Amino acid sequence: MGRDQQQQQQAAYTVEQLVAVNPYNPDILTDLENYVNEQVSSQTYSLDANLCLLRLYQFEPGRISIPIVVRILIKALMAMPAPDFSLCLFLIPEQVQMEEQIKTLIVLSHYLETARFRQFWEEAAKNRSTLEVVPGFEQAIQAYAIHVLSLTYQKVPRPVIAEAINIEGLSLDKFLEYHVANSGWVLEKGHSRSQLMVLPRNEFNHPELKKNTVDGMPFEHVTRIFPILS
Amino acid sequence: MSHPGRVHNPSRYVVPSLDEVLSFTGSAVAEAAQSLIPSASETLIDRSVARMASSYDYDDASLDSRYPRPPSAGQGSAGTDQGYDPNFVPDSVKTFVVHLYRHIREKNVYEIHQMYDGSFQRLSDRMFRECPWPSVEAIAPYVDNDHVFCLLYREMWFRHLYARLSPTGRQRVESWDNYCSLFSVVLHGVVNMQLPNQWLWDMVDEFVYQFQSYCQYRAKLKNKTEEELQLLRQYDQAWNVYGVLNYLQALVEKSAITDVLEREKEGLEQFTATDGYDYEGGTSNVLKMLGYYSMIGLLRVHCLLGDYHTGLKCLAPIDISQQGVYNVVIGSHISTIYHYGFANLMLRRYVEAIREFNKILLYILKYKQYHQKSPQYDQILKKNEQMYALLAICLSLCPQNNLVEENVNSQLRDKYNEKMTKMLRYDDEAYAVYDELFTYACPKFITPSAPVLEEPLTNYNQDAYRLQLKLFLYEVKQQQLLSGVRSFLKLYSTISIGKLAAYMEVDEPTLRTILMTYKHKMHAIDGDGKIIPNADVDFYISENL
């Protein structure tokens, strides 16, 4: 096992080197495809290598492999909030974007970009076979959902979290306990016996914590606050 | 001795890999070794002339014309009209090449620049408005048949052709051939001249321009003659994308320019301070500067392909927050910032794009008067207008209060006030405006793959542009509801979700998604993965159910 890992590491090193040193070369296309599969199985990610492959597909449209493109796009979705998915789409010809699986991924991306988590999880459930090929997908999207919540909320109701990460009941309890223990979340009791999660203070949900940026965005401009009155 | 002017046997055209490009050892190199390598006693450049290749302080009262690049509608094959005789060398041209040759041998960079930027334009205006310069074979005897000089002359010859006339398919291929020879000679490290930065920038800029032009040309198959199609079949390696990218990459690597820039940061090297010239040792600046400008060339090619992330990576060794050699030649300065800004726009880093567009637009406002007589003036004006359009787009997607300087802002309002108001409304008319401005201002995207030369022959030169436009408008659409949020946020210091939902005429769950979308879209991810807030107006939600 250790030796396999070492070999894998060596192979990864070589591909990254190739991309850095000699990327405009059709001979490395197969290596890059193998590297995509490796990223999937070892739950790693390399945007540069994947963009390099998509470029080569642009140069050699006869060699494009739809399953590989699908994997690259799923990996890119998992990188959200980074805009990697769009970056990949810019390099994929329109006809290829019409493929069923890719159309589905574009729809999923749209739901995530517009924070429509309920619709996202519904659609994802319908396309389990496409998404299953990439381990770690669910967790990555849940991390993105939490990220958006912590940008937006100081205190967030339990149902909102549940919808965002698609976990309910006992599993949700476990999930929340974990974050209380490890991420500084605090459980509060709101009115009518509902639960509230208080998310950690950061500069995005607490304007007074905002560091002064170079362009001197004044402190006052960021004090529009939104307490919800019941 | 093979003349660079002739079209070579197709077997010569192999896809140049990076290794091949770096180790080129054709006969051209041996010939180059005989030419333009002065002995130790030759004069070095005149040190007393400061900022030799800079285009400011450039004054030429007799030059009054500016010529735009002609539209691609052909004027027929160049050179067959008006009794053009490629072998006739007027006296003024004779004098021109003789003096230019001498100045290059003597490394008189200032004089070279005067001739390159001044005399060449004047002669072109006076005698070669509608026909090419004399052929390289005709002038070669006056310059000792110097191989490298002939390559340089040919480069200028083709550039003039593209600017004033319309190149044929064959001429496009010949020009590619010439660039291959020229770059190969430079890469092999045998040239020992100092050329003005303006000229070296123009070489790289023109190389990328001709590549883009060729991709457009060969994607328009519908009305091609059988002869043209045959040419495409025969010279299928001309202007191939691997060759273009690998030559640029090779120039970057062989020049070791990234090392030079690194060492300069640590104070171990003089580069920016001397504008890349070597006043002391008189070594050649050609490879180094071509390497430097090739980084900008790579940024540009990647933008044409739609790969904005890699394009920015190629530019990364150049620190655009500082003065540098990239802003010595105004064409290079503008091209760098235009493509940098555009790439950031597509990466949704609107604030970064706004900052850089603002800086360069202010610069152009202040200094364009000094370039009125320059042949680049029209290009400067065009890029200026395009960047105002991009700035208008950025500010509509990401309103900011303090980032645009007041004079730039008033220019912007003059040109685009009505359109910006429309864009903020996000109705159907808004999309039409976004479409219009994007189309006007975007680079000329290309389809890099080789054409399929079988029936049915179509024109697909617009495909790449249509894809980028579609994805851009898609992004705009996702931000559709955000402007509503923004205006309400400005009015209320606190408001309940229920009330805000009512005002915006959406239900509460929808409002929540809109608010989260706002937060997501208004926080860009920079190159290091850090989250950068972009919004001029911000909020948070605190629930007390």
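Me: Buried means under 20% relative accessible area, exposed over 50%, and partly exposed in between (1.4 Å probe, protein chains only). Why is B:Glu505 called exposed?

Reply: Its relative accessible area is 73%. That is over the cut-off for exposed, so B:Glu505 gets that label. B:Glu505 also has a positive phi of about 60°, although it is not a glycine. This is a predicted model, where local features need pLDDT of at least 70, side-chain atom pairs count only at pLDDT 80 or more, and totals for chains, interfaces and linings use all residues. Residues are numbered from 1 along each chain as its sequence is written, chains are lettered from A and ligands numbered from 1 in the order in which they are written, and side-chain values use heavy atoms, without hydrogens or water.

Me: Where is B:Glu505?

Reply: B:Glu505 sits in the loop between helix H21 (497–504) and helix H22 of chain B. Helices (H or I, at least four residues) and strands (E, at least two) are DSSP runs, numbered from the N terminus.

Me: What makes B:Trp239 buried?

Reply: Its relative accessible area is 0%. That falls under the buried cut-off, so B:Trp239 counts as buried. B:Trp239 lies in the loop between helix H9 (226–234) and helix H10 (241–255) of chain B. B:Trp239 has a positive phi of about 55°, and it is not a glycine either.

Me: Why is B:Ser119 called buried?

Reply: Its value is 16%. That is still under the cut-off, so the label is buried. B:Ser119 belongs to helix H4 (residues 109–127) of chain B. Leaving out residues up to four places away in sequence, B:Ser119 touches B:Phe96 and B:Gln114. Contact here means heavy atoms within 4.5 Å.

Me: What makes B:Arg263 partly exposed?

Reply: B:Arg263 has a relative accessible area of 35%. This lies between the two cut-offs, so B:Arg263 is partly exposed. B:Arg263 is in helix H11 (residues 257–265) of chain B. Beyond its neighbours within four places in sequence, B:Arg263 is in contact with B:Leu268 and B:Glu269.

Me: How do you know that A:Arg118 and A:Glu122 meet in a salt bridge?

Reply: A salt bridge is a side-chain nitrogen of Lys or Arg within 4 Å of a carboxyl oxygen of Asp or Glu. Here the N to O distance is 3.2 Å, so the pair passes the test. Both residues lie in helix H8 (residues 117–126) of chain A, four residues apart, about one turn of the helix. A:Arg118 is at 40% relative accessibility, and A:Glu122 is at 44%. Each counts as partly exposed.

Me: What makes B:Asp91 and B:Lys94 a salt bridge?

Reply: Their N to O distance is 3.4 Å. That is within the limit, so the pair counts. The two are three residues apart in helix H3 (residues 91–105) of chain B, about one helical turn. B:Asp91, at 56%, counts as exposed, but B:Lys94, at 28%, is partly exposed.

Me: How many salt bridges does the rule find across the interface of chain B and chain A?

Reply: Five. One of them joins B:Lys470 and A:Glu94, at 3.5 Å from N to O. The search of the whole structure finds 30 over all chains.

Me: How do you know what chain B and chain A bury between them?

Reply: Buried area is the accessible area (1.4 Å probe) that two parts lose on being put together, summed over both. For these chains the value is about 6,300 Å², with 60% of it on carbon and sulfur atoms. By the contact rule, 64 residues of chain B meet 67 residues of chain A.

Me: Why do strand E1 of chain A and strand E3 of chain B count as a pair?

Reply: Two strands pair if DSSP finds at least two bridges between them. E1 (residues 153–157) and E3 (residues 541–542) have two bridges, so they pair, in the parallel sense. A:Lys155 has B:Ser542 as its bridge partner, and A:Tyr153 stands opposite B:Ile541.

Me: What makes E1 of chain A mostly covered?

Reply: Five of its five residues are buried.
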